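Please explain how one pocket of this structure is lined, and then go through some points along the backbone that deserve a careful look.

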Amino acid sequence: MVRIGKIELPEFPLLLAPMEDVSDPPFRAVCKDKGADLMYTEFISSEGLIRDAIKSRKKLDIFDYERPVGIQIFGGDEESLSLAAKIVEVTNPDLLDINFGCPVKKVALKGAGAGVLKDIDLMVRLTSAVVKSTSLPVTVKTRLGWDDNTRNIEEVAERLQDVGIQALAIHGRTRTQMYKGSADWTLIGKVKNNPRIKIPIFGNGDIDSAEKALEYKNRYGVDGIMIGRAAIGYPWIFDEIKHFLATGEHLGSPGIEERVGVARKHLHKSVEWKGPIVGILEMRRHYANYLKGLPNIKEYRARLVTLNTEEEINSVLDEIIVRYEGYSFEKTPIELINYHENCPVD
Ligand SMILES: Cc1cc2nc3c(=O)[nH]c(=O)nc-3n(C[C@H](O)[C@H](O)[C@H](O)COP(=O)(O)O)c2cc1C
């Protein structure tokens with residue numbers, strides 16, 4: 001069992017990564033159904049929360065069926081992060097996560113360079129301020145370092161543990177690397193194997209299959225794995241990995257009815273939470289992901305993204321089930337998009 005404060009997670013938990021514009025409550029609902037053990041909100045600007053920005057406040061919505069769930073904040077200023085932590089605490093998540101992957105303008109203006117990752121002392125001060133201002137377990141998600149010359153995650157991990165964080169998730173890339181190349185888990189493994197480190201260490205970056213999850217689990221010894229892009233349009237990744245780790249056998253690829261069923265639920269939750277207009281608009285970018293691999297799906301996709309009611313969309317989804325009944329998805333690989341993090345800066 002893996003513990004974060006009072007939260008008890010199963011042996012080798014699988015975490016859904018925080019993803020801006022993706023890991024909202026509708027998406028989290030389907031990932032929870034398919035085996036995510038711990039999930040996070042999209043990142044929330046601490047300045048936005050304090051200013052009462054509607055977008056930031058809305059991201060605080062969490063539901064009991066999602067638990068355990070963490071709220072992620074970011075910021076470059078001790079005072080605003082502390083205040084934001086207090087606002088977050090009122091909404092009663094299971095944990096509070098700090099994102100240290102983003103360049104924050106304020107920090108740059110104060111001469112600390114373009115990002116907190118360049119200034120470990122600042123990162124430690126910010127983290128300590130958050131830990132002191134909340135009774136929630138505080139966790140951190142970060143990258144290996146700023147660039148190839150500052151891959152300082154080993155020092156960062158020790159120092160953040162010393163100021164009281166209760167788990168650390170590490171994306172195996174540097175900030176300047178963005179999404180280029182492949183994630184390097186070597187340093188993640190070193191952090192995990194440092195005898196000084198007692199908190200759970202979660203590895204993150206490029207996990208897109210059950211085999212890779214098993215290989216990285218064994219090779220790097222991490223306490224659990226965080227999965228981002230592979231879950232987009234394919235939340236089954238969680239159950240598939242769990243099944244493979246437990247039995248050494250592959251779960252079959254979900255068929256068309258199952259895929260459409262999950263897309264339907266995603267749509268329904270989206271409408272429920274965002275309202276019919278925004279809910280339907282924002283769902284449009286997800287259909288292609290759920291229907292990936294189907295031959296001649298373009299025409300259906302084109303219809304799905306022009307319809308304006310849940311009922312009409314559901315009837316096209318019904319047609320898709322009939323048209324592709326029995327289709328085998330076995331050979332459709334998961335593609336990881338090359339995402340350009342666009343951190344909203346106040
Ligand atoms: C669309 C998208 C949005 C993201 N937004 C966030 C975010 O809000 N907070 C964060 O810590 N990381 C964010 N990330 C980074 C992911 O959490 C994760 O670290 C990264 O995608 C690597 O994991 P993966 O290879 O499993 O996708 C985002 C990634 C993507 C693809």
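**The second largest pocket and three backbone sites**

The lining of the second largest pocket is made up of Asp 21, Val 22, Asp 24, Glu 42, Lys 55, Lys 58, Lys 59, Trp 273, Lys 274, Val 278, Glu 282 and Arg 285. Among the elements, those that give two or more residues to this lining are α3 (54-58), α11 (256-274) and α12 (276-290), and the largest share, 3 residues, comes from α12. The model in which this pocket appears is a predicted one, and the space in the second largest pocket comes to about 240 Å³. Sorted by class, its lining has 9 charged and 3 nonpolar residues, with no polar residue.

Turning from the pocket to the backbone, the peptide bond that runs from Arg 67 to Pro 68 is cis, and its omega is near -5°. Pro 68 itself is found in the loop between α3 and β5 (69-74), α3 being one of the elements that also give two or more residues to the pocket lining.

Two further sites have a positive phi in a residue other than glycine. For Met 178, phi is near 50°, and this residue lies in the loop that connects β8 (168-174) and α8 (186-193). For Asp 206, which is not a glycine either, phi is positive at about 70°, and its place is the loop between β9 (201-204) and α9 (210-220). Is Asp 206 buried or exposed? Its relative accessible area is 12%, and because buried means under 20%, Asp 206 counts as buried.

Key
Residues numbered from 1 in each chain as written. Predicted model: local features only at pLDDT ≥ 70, side-chain atom pairs only at ≥ 80, totals over all residues. Heavy atoms only, no water. 1 Å grid on protein atoms, 1.4 Å probe; cavity = no way out; pocket = protein on both sides within 12 Å on 5 of 7 lines; lining within 4 Å. Points joined across faces, edges and corners; volume = space filled by probe spheres on them. Helix = DSSP H or I, 4+ residues; strand = E, 2+ residues; numbered from the N terminus. Nonpolar A, V, L, I, M, F, W, Y, C, P; charged D, E, K, R; others polar. Buried < 20%, exposed > 50% of the residue type's maximum accessible area, 1.4 Å probe, protein only.
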